[in-house]
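Hi there,

Here is the structure I promised to pass along. Have a look at it first, and then read on for what turned up.

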Amino acid sequence: MPAPHFVSLERLCELAHAGEAICFPTDTVPALAALPRQAQVVYELKRRSRDKPLAILAANTESLQSYVLGWETAWSRLAGRGWPGALTLVLPASAQVPADAIARGSTVGVRVPDLVMARQLLARTGPLVASSVNLSGQAPLLHPVDIAAVFPQLPILQAEFPSARPPSTVMKWQSGHWKMVRQGAFVGPFQ
């Protein structure tokens, strides 16, 4: 079984800026991520259908605002309660989001993870498109040894990987109201 390809925070940032896919822990499950303009590398590694959009993770709310159309008060209220944390907001995508990242839709999922190491990385790389690290249709890989078994060349942040937690709650803004897409770790309030 191959050993995990651990790299430092600095090296992981360099690899992301060079257009490579990277792996790092979050407050939910480990992320497979890349720069937004390199979304295709995440799809290819995961063997993920282009019909399934990717989320955008960032170090803070301000870094995500250019990826959505406008920024409404209701979005700020919910983001203020759930970020950093296990809450993904699905909002209208701006033209800054590459078509690869939003699949065939017009929305984008955005999130600020509640893990200091992840936010430190995202502060250096800028927002990244991300998904759980696994082959599409399979369970998320939670430990570096398991990740290396499936993705032996994938650079993994040299860090402690927290125990698995439930995925993020996904809330979609639709017709002026929040609609729950998936109940996860964040339990509200939602309005």
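Let me start with the pocket lining, whose largest share in the largest pocket, four residues, comes from strand 6. Please keep in mind throughout that this is a predicted model.

**The largest pocket**

The volume of the largest pocket is about 870 Å³. It is lined by 34 residues, and R48, P53, A55, V170 and R182 are the closest to its centre. Several strands contribute: strand 4 (55-57), strand 5 (87-92), strand 6 (107-111), strand 7 (128-132), strand 9 (169-174) and strand 10 (177-182) each give at least two residues to the lining. If you are thinking about the chemistry of the lining, it divides into 15 nonpolar, 13 polar and six charged residues.

**Strands 5, 9 and 10**

Three of those strands are worth following a little further. Strand 9 pairs with strand 5 in the parallel sense, over four bridges, and in this pairing T88 stands opposite V170 of strand 9. V170 is also one of the residues closest to the centre of the largest pocket. Strand 9 and strand 10 run antiparallel and are joined by five bridges, with K172 opposite K179 in strand 10. As a general reminder, side chains in a regular strand alternate between the two faces of the sheet.

What separates strand 9 from strand 10 in their hairpin? There are two residues between the strands. S175 lies in that loop and has a positive phi near 55°, in a residue other than glycine. With a relative accessibility of 70%, S175 counts as exposed, because the cut-off for that class is over 50%.

**The tryptophans**

The structure has four aromatic pairs. One of them is W75 with W173, which is edge-to-face, at 6.2 Å centre to centre and 80° between the planes. This pair links distant parts of the chain, since W75 sits in helix 4 (residues 73-82) and W173 in strand 9, 98 residues apart. Are these two buried or exposed? Both W75 and W173 are buried.

W173 has another partner in W178: the ring centres are 4.9 Å apart and the planes stand at 70°, so this pair is edge-to-face as well. The reasoning is that planes over 60 degrees apart count as edge-to-face. W178 is buried, as is W173. Taking a wider view, W71, W75, W83, W173 and W178 form one aromatic cluster.

One member of that cluster, W83, also takes part in a backbone feature: a cis peptide bond joins W83 and P84, with omega about -10°. P84 is in the loop between helix 4 and strand 5.

**Salt bridges**

Side chains of opposite charge can pair when their charged atoms come close. How many salt bridges does a search of the whole structure find? There are four, and here are some of them.

- R111 and D27 form a salt bridge with their closest N and O atoms 2.9 Å apart. The pair links distant parts of the chain, with R111 in strand 6 and D27 in the loop between strand 2 (22-24) and strand 3 (31-34), 84 residues apart. Both R111 and D27 are buried.
- R124 and E10 meet through their side chains in a salt bridge of 3.2 Å, N to O. This pair also connects distant parts of the chain: R124 belongs to helix 5 (residues 116-125) and E10 to helix 1 (residues 9-17), 114 residues apart. R124 has 45% relative accessibility and so counts as partly exposed, and E10, at 44%, is likewise partly exposed.
- R119 and D114 make a salt bridge at 3.6 Å, N to O. R119 is partly exposed, with a relative accessible area of 21%, and D114 is partly exposed, with 42%.

**One more backbone detail**

R47 is a residue other than glycine with a positive phi, near 60°. R47 lies in the loop between helix 2 (39-46) and strand 4, and it is exposed, with a relative accessible area of 64%.

Happy exploring, and best wishes!

Notes. Residues are numbered from 1 along each chain as its sequence is written. Side-chain values use heavy atoms; hydrogens and water are left out. On a 1 Å grid over the protein atoms alone, a cavity is a set of points where a 1.4 Å probe fits but cannot get out, and a pocket is an open set with protein on both sides within 12 Å along at least five of seven lines; lining residues have an atom within 4 Å of a point. Grid points are joined across faces, edges and corners, and a volume is the space filled by probe spheres set on the points. Ala, Val, Leu, Ile, Met, Phe, Trp, Tyr, Cys and Pro count as nonpolar, Asp, Glu, Lys and Arg as charged, and the others, Gly among them, as polar. Rings of Phe, Tyr and Trp (its six-membered ring) pair if their centres lie within 6.5 Å; planes under 30 degrees apart count as stacked, over 60 as edge-to-face and the rest as tilted. Buried means under 20% relative accessible area, exposed over 50%, partly exposed in between (1.4 Å probe, protein chains only). Two strands pair if DSSP finds at least two bridges between them.
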